[in-house]
Amino acid sequence: MPQVIDKEVGPIGYGLMGFTWRPVPTPMNQAIEALKAALNNGLTLWNGAEFYGTPDCNSMTLLKTYFSKYPEDADKVTLVIKGGMDLDTHKPDGSPEGTRRSLDNIINSLGGTKKLDGFAPSRRDPNTPLSVTYSVIQQEYINTGKLGALYLSECSAETIHEASKLATIGAAEVEMSMFSPDILTNGVVKACAQHNIPILAYAPIGRGMLTGRFKEVSDLKDRGVMVNFPRFQPDAFEHNLKLVRQVEEIAKDKGCTPAQLAISWVRMHSNRPGLPTIIPIPGATAASRVVENAQVVDMTEEEFQRLTVLVRIFDTAGGRYPDSVPSNT
C-alpha cells in the first residue's frame, strides 16, 4: 500500500471540494453517509481546503461534524487541507501573518476532533519567499506537534526542486486526468520522482466530465465555479465530449464505468519507471458514487497503452483554469 506523510493509505484517495463549494452544499446527512462509505471502502486519504465554501460551511465544518459523530475514525484517516489564501481577495498569502491565520483557522475549526496531518499553501505566493512561509510552518506548527507535515499544491517543477531544499515535502497535489496529462511532460512527475514525493492527483475524472453524465453545458449548472472554466464553455465542451464518448465505449467493453476507467488510468502510472507514487483523489458527494470510484479496476498493459495513446493524440480544448486563476505555481 502507498504511504503519504508516513501513513499507509489506499491506492485511491478522496477529494472533498464538491460537498461545500457549490451553489447548494450537500445535505449534511448525505455528506456524512458519503464520508463513511469512503472510509469503509478504503479511501483513507482525505483532501480538503480552507476556502471550499463559506465560514459556516466548508471542509473543516463538515469534518468536525463527521469526526464528532465517529471519533473512532479520526486515526484511520490521513487528512490534508490546503490554505494560505486571503479569504476576502482569494489571492495567495504566504506571509507569516497569513500563514498563521490560515493554519490557526483550519486547526481551530476542526475543534480537536482530528489532527491536521498535512497543510499546503494552495498556491505559491509570488510576494513571499518559500523560506519565510516554510519557516513558520515548520517551527510553529510541525515542531510543536500541531501539524503533521507540509505538502505542495498546484506547483511547478521549479517549486518542487526549491521546496525540497528547504523542507521535507510530504506530497504534491496536482491535477491529472485524461484531459489533463500535463504533469507527465512538464517536469512535475520527474521532479516528484527525484525527491520521492507522492502525487495526489486531483480531478482524475476531469471534474466529472469523464463520468459520461454531462451531455450538454446546461448539465453543469449546479457544479459551481467550474462552469466558468475554459474547457467547459460551449465549443470546447462539445469538442471534449469526443474523448468522453471514446472512454465510454472502452469502459463498456471492459465491463466497468467510465469513471472507474479514468481513475484506473491515472492510478496505473504510479511507480512506473521514472514515476513517483501517484494516488488519484476523485470527489463524490453520494455514497453510491464513492463506492463506484473506490473500486480498484485492474488494467492490462495493453489496455493502459491503448488509453495512453488515445490521450496523447487527443487535443483537449480549453485551459484547466481561467487566466485569472494562478496555476503551475
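Which residue's side chain does R289 meet in a salt bridge? Let me start there, since it is an easy pair to find on the screen. The partner is E292, and the N to O distance is 3.0 Å. Please keep in mind throughout that this is a predicted model.

Both R289 and E292 belong to helix α10, which covers residues 287-294. They sit three residues apart, about one turn of the helix. Their surroundings are worth a look too. R289 has 32% relative accessibility, so it counts as partly exposed. E292 has a relative accessible area of 14%, and because buried means under 20%, E292 counts as buried.

While we are on salt bridges, some of them link up. E154, E175, R207 and R320 are joined into one network by salt bridges that share partners. Across the model, the count of salt bridges comes to 15.

Let me show you two more of them. Take E50 and R101 to begin with: their closest N and O atoms are 2.9 Å apart. E50 is in the loop between β4 and α3, while R101 is in helix α4, residues 96-110, so this salt bridge ties together parts that are 51 residues apart in sequence. Is E50 buried or exposed? With 3% relative accessibility, E50 counts as buried. R101, at 34%, counts as partly exposed.

Now to E303 and K254. This salt bridge has its closest N and O atoms 3.0 Å apart. E303 comes from helix α11, residues 301-313, and K254 from helix α8, residues 234-254, so here the pair ties together parts that are 49 residues apart in sequence. E303 counts as partly exposed, at 27% relative accessibility. K254 is also partly exposed, with a relative accessible area of 29%.

Let's turn to the aromatic rings. How many aromatic pairs does the count come to? The count is eleven. The one I would like you to find is Y14 with W46, an edge-to-face pair whose centres are 6.3 Å apart, with 75° between the planes. Y14 is in strand β3, residues 14-15, and W46 is in strand β4, residues 45-49, so the pair ties together parts that are 32 residues apart in sequence. Y14 and W46 are both buried.

If you follow the rings outward from that pair, you come to a cluster. Ring pairs link Y14 and W46 with F19, Y66, F67 and Y70. One member of that cluster, Y70, has a charged neighbour as well: K36 lies over the face of Y70, 4.1 Å from the ring centre. There is another arrangement of this kind at Y321, where R123 lies over the ring face at 5.3 Å from the ring centre.

Keep R123 in mind, because we meet that residue again in the empty spaces of the model, where R123 is among the residues nearest the centre of the largest cavity. There are three cavities of 30 Å³ or more, and the largest has a volume of about 130 Å³. Its lining is made up of 16 residues, and those nearest the centre are P121, R123, R124, L130 and Y134. Two elements, α5 and β7, give two or more residues to this lining, and α5 has the largest share, with three residues. By type, the lining divides into five nonpolar, seven polar and four charged residues.

To finish, let's look at a pocket. The second largest pocket holds about 440 Å³ of space. Its lining has 23 residues, and the closest to the centre are T168, I169, G170, N196 and P198. The elements that give two or more residues are β1, α5, β7, β8 and α7. You may recognise α5 and β7 from the cavity lining. Which element gives the most to this pocket? That would be β7, with three residues. As for the type of residue, the lining has twelve nonpolar, ten polar and one charged.

That brings us round the model. If you would like one thing to look for yourselves, go back to the R289 and E292 salt bridge in helix α10, then find the pair of Y14 and W46. Thanks for listening!

Note on methods. Residues numbered from 1 in each chain as written. Predicted model: local features only at pLDDT ≥ 70, side-chain atom pairs only at ≥ 80, totals over all residues. Heavy atoms only, no water. 1 Å grid on protein atoms, 1.4 Å probe; cavity = no way out; pocket = protein on both sides within 12 Å on 5 of 7 lines; lining within 4 Å. Points joined across faces, edges and corners; volume = space filled by probe spheres on them. Helix = DSSP H or I, 4+ residues; strand = E, 2+ residues; numbered from the N terminus. Nonpolar A, V, L, I, M, F, W, Y, C, P; charged D, E, K, R; others polar. Phe/Tyr/Trp six-rings, centres within 6.5 Å; stacked < 30°, edge-to-face > 60°. Buried < 20%, exposed > 50% of the residue type's maximum accessible area, 1.4 Å probe, protein only. Lys NZ or Arg CZ within 6 Å of the ring centre and 35° of its normal. Salt bridge = Lys/Arg side-chain N within 4 Å of Asp/Glu carboxyl O.
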